[in-house]
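Reader: Hello! I would like a close look at one part of this protein, taken slowly, with its neighbours brought in as you go. Could you pick a helix and walk me through its surroundings?

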Amino acid sequence: MPHIDCDKKFTNVALIDNIVRNHGKLCPKVRVQLLAPKFTTTRERSPKMYRHLSLSQASSTNCFTSVRLVATDMDGTLTTRGKFTSALLQALEDLARADFKVLIVTGRSAGWVSGLVSYLSVVGAIAENGGLFYRSGSETPVALTPIPDFVAHRQQLTAAFEQLQTKFPHIQESFDNRFRLTDWTFDVQGLSTDELQTMSHLCRKMNWGFTYSNVQCHIKPLGQDKAVGLLQVLREDFPQYTKEQVVTVGDSPNDESLFDERCFPVSVGVANVLEYANQLQHQPAYCTSAAEGEGFCELARFLLQK
Ligand SMILES: [Mg+2]
C-alpha cells in the first residue's frame, strides 16, 4: 500500500508521480478518482484541487488515528436519496457505542433540527448553517449568531428575498422557511451556477451572506457559516477535543468551510461532493468511494475498524 503523507500538498500529477516512482503501480480506483476528465480542463486546474484520496489510501496514514468526534452535514451526506436508511441509523448507534461523538451540522431549519436531535444517536446538532445549536437532551437552542430582534430580522430577510425576486421572479420560498429563525431559504432546483453566483453578489450588496446546498439556497447573516458555528460549539461544549480529533464530513458548497484545512485538518467528502469540485474554495482532504449516506457508513466502518 503506498504511503501518503497527508501534510503534503499534492497536485494530482505530483501525487501519481510519487506513487508510481515509489511503488511502481497505482491503485485503479485512485487513478480513476485523480484522473477523472471532468477535473482536467485548463479552466478548472487549480492548486487547491485534486487532493481527493480514497479512504483506502488514508488507512496508510495517521490522520484518522486520533479522531473521536464526527461533525457531519445531513442532506446528501447522512441521507440516501433523501432518507435515513437502516444502515445509517445502525452506523450512528455503532459510533455512539464506541464513544465517538457525532454532531450534525446542517443548513436545515431550527424547527426540523430541534425534533431530529431528540430522535437520533447524536450529541447535538447545529442548524441553519451555523445559526443555532441544539444539545441532545435540551429543548433550548443556543444562538450562535447574535440577533437582538428576531421579528425585525425576519422582516429584513423577507425584504432581501423580495429584492432577489425582482430579478428572479420564479424563485419560491422553501416549505421549511416558516420554521427558521436566522436565515431565509428558497429552492435551488432549476437554478444555474451563473444564477447562483449572481444571487450571491446581490446578497453581498445588500449586506447579507448567501450559500446553497443540493436542496436549498440560503440568505443569511454575513459571517454565519458552518465552520464558525462548529468552532464555537467545539470551544464551548467539547473543549477536550483537539482539531486533530475532529473529522468533518459534507457533500455541498455550504459545507466548504468545513473543508478548510486551517480549521479542520481531517475532512471527508462523500463521493457526491465531486459534482461540486470546481465550485469549492476548500476541498475535502479525503473522499469516500460511496455516495450520500452509504459514503458516511463507509467512513463509520473505517473509524470503527482503525
Ligand atoms: Mg448536504
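Author: Happily! One definition comes first: two strands pair if DSSP finds at least two bridges between them. Please also keep in mind that this is a predicted model.

The part I have picked is helix 8, residues 226–237. With 12 residues at 1.5 Å a residue, helix 8 should span 16 Å, and its end C-alpha atoms are indeed 16 Å apart, so the two values agree. Which residues of helix 8 are buried? They are Lys 226, Ala 227, Gly 229, Leu 230, Val 233 and Leu 234. Looking down the axis of helix 8, you would find these buried residues within an arc of 160°, so they line one face of the helix. Turned away from that buried side is a face carrying the exposed residues Arg 235 and Glu 236.

What do the buried residues of helix 8 pack against? Their partners are strand 2 (69–72), strand 3 (101–105), strand 4 (124–127), strand 5 (132–135) and strand 10 (246–250). Let us stay with strand 3 for a moment. Four of the five residues of strand 3 are buried, so by the cut-off each of those four has 20 or more other C-beta atoms within 10 Å of its own.

Strand 3 also has strand partners. Strands of a sheet pair through backbone hydrogen bonds, either parallel or antiparallel. Strand 2 and strand 3 run parallel and are joined by four bridges; in one pairing, Thr 72 has Ile 104 of strand 3 as its bridge partner. Strand 3 and strand 4 run parallel as well, joined by three bridges, and here Val 105 stands opposite Ile 126 of strand 4.

Helices link these parallel strands. Strand 2, helix 4 (residues 86–97) and strand 3 form a right-handed β-α-β unit. Strand 3, helix 5 (residues 110–119) and strand 4 make a right-handed β-α-β unit too.

Two of the elements just named, strand 2 and strand 10, have a part in covering another helix. This is helix 9 (residues 292–305), whose 14 residues reach 20 Å from first C-alpha to last, close to the 20 Å expected at 1.5 Å a residue. The buried residues of helix 9 include Phe 296, Cys 297, Leu 299 and Leu 303. Besides strand 2 and strand 10, what covers the buried residues of helix 9 includes helix 3 (55–58), helix 4 and strand 11 (266–269).

For contrast, here is a sheet with antiparallel pairing: an open one of three strands, in the order 7-9-8. Strand 7 (184–187) and strand 8 (208–212) stand at its edges with a single partner strand each, so one side of each has no neighbour in the sheet. From one strand to the next, the twist averages 20°. Strand 7 and strand 9 (residues 216–221) pair over four bridges, and Thr 185 has His 218 of strand 9 as its bridge partner. Helix 6 (residues 150–167) lies across strand 7, strand 8 and strand 9, at about 30° to strand 7. Helix 7 (residues 193–205) packs on the sheet too, touching strand 8 and strand 9, and its direction makes about 160° with that of strand 8.

To place helix 8 in the whole, the protein has nine helices and 12 strands, and 41% of its 306 residues are buried.

Conventions: Residues numbered from 1 in each chain as written. Predicted model: local features only at pLDDT ≥ 70, side-chain atom pairs only at ≥ 80, totals over all residues. Expected span 1.5 Å × (residues − 1). Buried ≥ 20, exposed ≤ 12 C-beta atoms within 10 Å, placed from the backbone. Arc of directions from axis to C-beta. Contact = placed C-beta atoms within 7 Å. Right-handed = clockwise from strand over helix to strand, strands pointing away. Axes fitted to C-alpha atoms, helices over the stretch in contact; angles between N-to-C directions.
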